[in-house]
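Subject: Structure handover

Hi,

Here is the structure I promised to pass on. Have a look at it first, then read my notes below.

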Amino acid sequence: MGLRGSLEEGCEGSHPGTYIAGVYDKGEALSSELVNAPNPLSLKIYVEGKPLSVDSMKVSFHTRSLNLKHAVLSRRTVFADEEGNRYEYASRRYVSMANVHLGVLEVEFASLDRDCNVTLRKLIDGGTANTLHPLNQPVKHYRVVDRHAGQNTSYLEAETFDSRIRIGVAVGVESSEKLPFNMVEEGDVAASECSFLAEKGRRYKFTFYFAVFTSRDPDLKSYGGSVKDACLAILRSAIGKQEAAFLSHKKAWEEKWETCQVEVDDDEVRNAVRFVIYHLLIAAPRGLDASIGAKALCSEWYGGHVFWDTEIYMLPFFLHTEPDTARSLLMYRYRRIGKAREKARGHGYDGAFWPWESALTGEDETPREWVDVDGKVVPVHHAEREIHICGDIVYAVWRYYLATGDLDFMLNAGLEIVFETARFWASRVSRRPDGKYELKCVTGPDEFHECVDNNAYTNFLARFTLKLGCELYERFGSDHPEELGRVAEKIHLQGEEVERWREIAENIVFPMDSNGLIEEFEGYFKLRDLRADASKGVPAWPESVAPSEARSTQLVKQADVVMLFHLFPDEFPPEVQRVNLDYYAERTVHASSLSPASYAMAYLNLGMAEEAYRYFRHALFIDLRNIYGNTFKGVHAASLGGSWQVVVHGFAGVRVKEGCLSVNPKLPRGINRIRFKFWYRGSLIEFDVKGRRVEARVVEGEGGVPIEHGGRRYTLSRKALVLG
Ligand code: BGC
């Protein structure tokens, strides 16, 4: 995997971030963290010895824009010194979608008012550290093991302290004036400099090519196994072919957009949805055994760890736009099932106990301490208690299978995940004297309430897993007996154990009163009944209440009971959904960004498109408008994935059911048309939803796709079918 994410060249005084998916290290951190790697984009410019930077000059003009279509970040800044002389700096950069090991930074410099002496210093900065740390201590995760800067090519190699992953970074330069760059000695950097007399008004152009390889990259083998050789080979093939590099990058993006594009006839929403798709696409692991962290590849916040955010919120996008990526996200989990088994054994349980936070090895990376809302360092118990992650992963496996029909995946990974997780739940429940089963001391999605008994969401997901385990054991036992036998033998699974799953599933407590109101967990209704502040649109924390009181109130951090309606819309009658939605909407403060999209989905189940739209906008613009005030810590990738689900599964109403698709649009006011493509079981289907009218046709793969609409079943083919 190459370089991805947020890269910042110099001249701004801000700290660059360079994240390479799959490179995690513990160093001195509480848990293994996504490594902020050496930065190949660091650039310093000096005019008559004075740095061209926001710290030492005035900025008279600045613009920065991201072209989402071709993933190019452009910038133009005009600096002015004390005498009023102006200097223009412009850059354009991208990391190639066609070759993830390659990136290009083009720079232009012009002195607008006078001739002057300029020095350009290009660094591969090996001094980067993880600075966004909850306990506020920067952690450096690597040491520089090799560096050199020659005539127009520099190289730096680092090795992470704990996981001993090698990271090679090479930079090659071309300049319009054929100016030579020479090495300068400077600490943990590979630095080279070029000095020249800049003539007034003349534009000096430099193109920096950068290549990145890590020792985890599977394609390293084809370069003889050395990250250095691989980096230098990539540079050699790119230098001098800037146009070709850009064209292949552009083409790769155009192909992605061809499938992933969602056209909404509201410009603001359409652009925001493009922003969502862009971020999900750049974060997807390509050919690497990795998953996507909660902040995608925008920062090291949350240690770059993988949460349920990926399976529940992001995966659906990939399921229907890049099914291979969805598969590889699930394979990331499967490859770590051994660690999940170890975690289960370590806690005295059976089967697979999945990590609440996962990184490279699959060990549970949940930090033991965190800083709470009052700034106090508090212990964290999510690794032991937030066990709904186990059901979330199984849910994702099942959705993947329904959407793709990928038998090979089920036989070689999916079944084992489901069975081993069912086994975990069966060992985690306790049996009451009345024969009922319960899950004690858990934390549901609503993390305000920790160590509660029988959290409705967790119990439901446990039941779902156990039932699915029984069903798949039977179904594969009759359709693929040999293969099922092989999986069962591998994990020593027998029919009696499966029968026990059934018994538990049928008897696990699920607290619901005669009106259908579900108690979030036992004793929840007895807590102080406070309401969220609904005065500013999406309900929020009531300012008159101290955050530390959350635990003793019915205020809910994020969709918890309501999550069930997002994930299982057909399992609860509309009256039940309504009663619960009314109750929990008043008490949920959406302190987690995951929440609004789930509420939007739940409202859409009831056809309440306007209500849904309010929550949807909150989720969709979360980063573009910095709604939570913390976008500097990275994008809220779950919210972005959730927004995609609201548009496609919610407003356009295209969902996967067992054995068919269904479509039932519920467009809110202001959106009259949505067009997109959607992979389902090897067929790419184009949908055009206008009001309640749906036009659909298969554009790639087999026709004959069953689809339900208005209670009737139709078949999609290459010929457009008009419904509604
Ligand atoms: C939320 C979790 C989420 C995590 C990472 C927490 O604040 O409560 O549900 O998985 O953030 O996004």
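Before the notes, one term: a polar contact is a pair of N or O atoms within 3.5 Å; within protein, one must be able to donate a hydrogen and the other to accept it, and residues adjacent in sequence count only if both atoms are side-chain atoms. One such contact runs from the side chain of N36 to the backbone oxygen of A129, at 3.0 Å.

Some background. This is a predicted model, where local features need pLDDT of at least 70 and side-chain atom pairs count only at pLDDT 80 or more, while totals for chains, interfaces and linings use all residues. Residues are numbered from 1 along each chain as its sequence is written, and side-chain values use heavy atoms, with hydrogens and water left out.

Back to N36. You'll find N36 in strand β2, residues 33-36 (strands are DSSP runs of E, at least two residues; helices are runs of H or I, at least four; both are numbered from the N terminus). N36 has a relative accessible area of 2%, so it is buried (buried means under 20%, exposed over 50%, partly exposed in between, using a 1.4 Å probe and protein chains only). Its C-alpha atom is 6.4 Å from that of T128, 92 residues away along the chain.

Now the ligand. Which residues surround the ligand? They are A294, Y302, F307, W308, D309, W356, E447, K557, Q558, S592 and L594, each with a heavy atom within 4 Å of it. Oxygen atoms of the ligand have polar side-chain atoms beside them: one of Q558 at 2.6 Å, one of K557 at 2.9 Å and one of E447 at 3.0 Å. Taken alone, the ligand exposes 310 Å², and the protein buries 91% of that (areas by the Shrake-Rupley method with a 1.4 Å probe).

Y302, from that shell, sits in the loop between α3 and α4. Y302 isn't a glycine, yet its phi is positive, near 60 degrees. With 32% relative accessibility, Y302 counts as partly exposed.

C298 is in the loop between α3 (267-283) and α4 (308-321) too. Is C298 buried or exposed? Its relative accessibility is 18%, so C298 counts as buried. The C-alpha atoms of C298 and F632 are 8.7 Å apart, with their positions 334 residues apart along the chain.

Lastly, C441 lies in the loop between β20 (437-438) and α10 (456-479). C441 also has a positive phi, about 50 degrees, without being a glycine, and is partly exposed at 26%.

Cheers
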